[in-house]
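Work through the following exercises with the sequence and the structure open side by side. Each task is followed by a stepwise solution.

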Amino acid sequence: MTLTLTSDFDLPLLVAHADALDHNITTMADYCAAAGVLLAPHAKTTMCRPLIEQQLQAGAWGMTVATPRQARALVGFGVQRILLANVLVDERAIRWVSDQFLSGTAGEFLCYVESLDGVDLLERTLDLLSPPRTLPVLLELGVDGGRTGVRSREQARAVAERVAHSAQLSLVGTAAFEGVLRLGEGESIPADLPDFLTFVHDATVELTEAGLFDTEVPIVSAGGSSYFDVVVEQLGPDSFDFNVSTVLRSGCYVSHDHGLYHRTSPLDGRQTPDGPHLRPALELLASVWSRPEPGLVIAGFGRRDVPFDDRLPIVLGHYDEQDRLRPLPGWQVQKLWDQHAWIAVPPDTVISPGDVLSLGISHPCGAFDRWRSIVLLNAESQVIGSLEPAL
């Protein structure tokens, strides 16, 4: 039986288009291969086992996580190389990493260090556990006003020298996250992005020349989903006089969106018209509830259904009686409550309660967070399964 989305499911409903997901995974894998860089997609975007397995099958070097809890889930998925793009400070998590990766039979685990105190904490805890292998770590570099990460070359050198003399840790590279930089009005990339990446580059060169990496080919990792092309340009293999493994950690590319990454991705808003493009894979279906005023529609979705940390959802259109999507020019979501959306509409718009709206979202991480099950559709909009985020 073919299910009709607009009549056979309770609304609101988040759906994912499998053809767009497949296209995005292939497009990003091809981009990385052509650029000579590795990809460790950030799993926090979806935390969906089928998509993570598909990314690995497409050639991903490993998977990135933000928390030990996410890492535990990926071990359950069978992921063999996990990069915790964060510091590791909780004793319970350190014990688990030691048991699972340093003393056990699991694959490879890497995390960040960025302070002498953090190095001391890892050493003390691992010393008590006496793991047979050292823990590979990346030195994180940050920016003033940003998140974690050393703020100067002097700090970078001090932490790196401390790790180099550690019996429990092994320094294998550097890492940074350029997504903390603010995008100014009218800018396509943050004005201070080149300087920040130069800081990462020069610190990596200095630590290599000082012989502080415990590997012949250090890792250099950066690259969210907005400016990874600039990362490739400034931190890619061709930018160093020695061998490096440049690892991007983009995650939101897998579903893309109609907002933040539509504007900022080098494979969409900042791409040349004839280049490869990512496609938005997520769509929210919601009912018109009320037309209380000529220029206002109240729709049945809200903050519990869609992300709103970047921008509010985009009205793509409405479905007619034959389930054909019809555009709705001039419609704009103005505000959200938990389950209500205020949408400004042209006063002469013809719309009725029960009509089904199609909406695009911005910043997909928050969409996957909100839905325990996402309906998966093929190119003919037939239901072929579901995506179920693990966390």
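**Exercise 1.** Is Arg-72 buried, partly exposed or exposed? Place the residue in its surroundings as well.

Solution. The model is predicted, and every value below is computed from it.

- Step 1. Locate the residue: Arg-72 belongs to helix α4.
- Step 2. Take the relative accessible area, which is 30% for Arg-72. Buried means under 20% and exposed means over 50%, so at 30% Arg-72 is partly exposed.
- Step 3. List the contacts, leaving aside neighbours within four places in sequence: Arg-72 is in contact with Arg-92 and Trp-96.
- Step 4. Check one longer separation along the chain. Arg-72 and Gln-100 are 28 residues apart in sequence, and their C-alpha atoms are separated by 9.5 Å.

**Exercise 2.** Determine which residues of helix α3 are buried, and what they pack against.

Solution.

- Step 1. Helix α3 spans residues 49-57, and its buried residues are Leu-51, Ile-52 and Gln-55.
- Step 2. These residues cover an arc of only 100 degrees around the axis, so they are on the same side of α3.
- Step 3. Identify the packing partners. The buried residues of α3 pack against two helices, α2 (18-35) and α4 (68-77), and against two strands, β3 (63-65) and β18 (383-387).
- Step 4. Look past the end of the helix: α3 is followed by Gly-59, which has a positive phi, near 115 degrees.

**Exercise 3.** Describe the environment of Thr-264, starting with its accessibility and ending with its contacts.

Solution.

- Step 1. Thr-264 lies in helix α10, which covers residues 260-264.
- Step 2. Its relative accessible area is 4%, so Thr-264 is buried.
- Step 3. Find the polar partners of the side chain. The side chains of Thr-264 and Ser-226 are joined by a polar contact of 2.7 Å. A polar atom of the Thr-264 side chain also lies 2.9 Å from the backbone oxygen of Leu-260.
- Step 4. Complete the list of contacts. Without neighbours up to four places away in sequence, Thr-264 is in contact with Leu-183, Ser-226, Tyr-227 and Arg-270.

**Exercise 4.** Which residues have the most contacts inside the largest nonpolar core?

Solution.

- Step 1. Begin with the general expectation: in soluble globular proteins, nonpolar side chains tend to be buried together.
- Step 2. The largest nonpolar core here has 103 residues, and those with the most contacts inside it are Leu-74, Leu-88, Phe-109, Leu-135, Phe-301 and Ile-343.
- Step 3. Helix α8 (residues 193-209) supplies the largest share of this core, eight residues.
- Step 4. Apart from this core lies another, of ten residues, including Ala-40, Leu-110, Leu-138 and Ile-219.
- Step 5. Examine one residue of the largest core. Beyond its neighbours within four places in sequence, the contacts of Leu-135 include Leu-88, Val-97, Leu-102, Phe-109 and Cys-111. Gln-168, Leu-169 and Ser-170 are also among the residues in contact with Leu-135.

**Exercise 5.** Trace the pairing of strand β1 and say how its two faces are covered.

Solution.

- Step 1. In β1 (residues 13-17), five of five residues are buried.
- Step 2. Split them by face: Leu-13, Val-15 and His-17 are on one side, Leu-14 and Ala-16 on the other, and both faces are covered.
- Step 3. β1 pairs with strand β10 (residues 282-293) in the antiparallel sense, over four bridges. Within this pair, Leu-14 stands opposite Leu-284.
- Step 4. β1 runs parallel to strand β17 (residues 374-377), to which three bridges join it. Here Val-15 stands opposite Val-375.

**Exercise 6.** What is the strand order of the open sheet of eight strands, and which strands stand at the edges?

Solution.

- Step 1. The order is β2-β9-β8-β7-β6-β5-β4-β3, with parallel pairing.
- Step 2. β2 (38-39) and β3 each have a single partner strand, so one side of each is left without a neighbour in the sheet. These two strands stand at the edges.
- Step 3. Take one pair as an example. β8 (residues 219-222) and β9 (residues 245-248) pair over four bridges in the parallel sense, and the bridge partner of Ala-222 in β9 is Leu-248.

Conventions
Residues numbered from 1 in each chain as written. Predicted model: local features only at pLDDT ≥ 70, side-chain atom pairs only at ≥ 80, totals over all residues. Heavy atoms only, no water. Buried < 20%, exposed > 50% of the residue type's maximum accessible area, 1.4 Å probe, protein only. Arc of directions from axis to C-beta. Contact = heavy atoms within 4.5 Å. Core = buried A, V, L, I, M, F, W, Y, C linked by side-chain atoms within 4.5 Å. Polar contact = N/O pair within 3.5 Å; in protein donor to acceptor, adjacent residues only side chain to side chain. Pairing = 2+ DSSP bridges.
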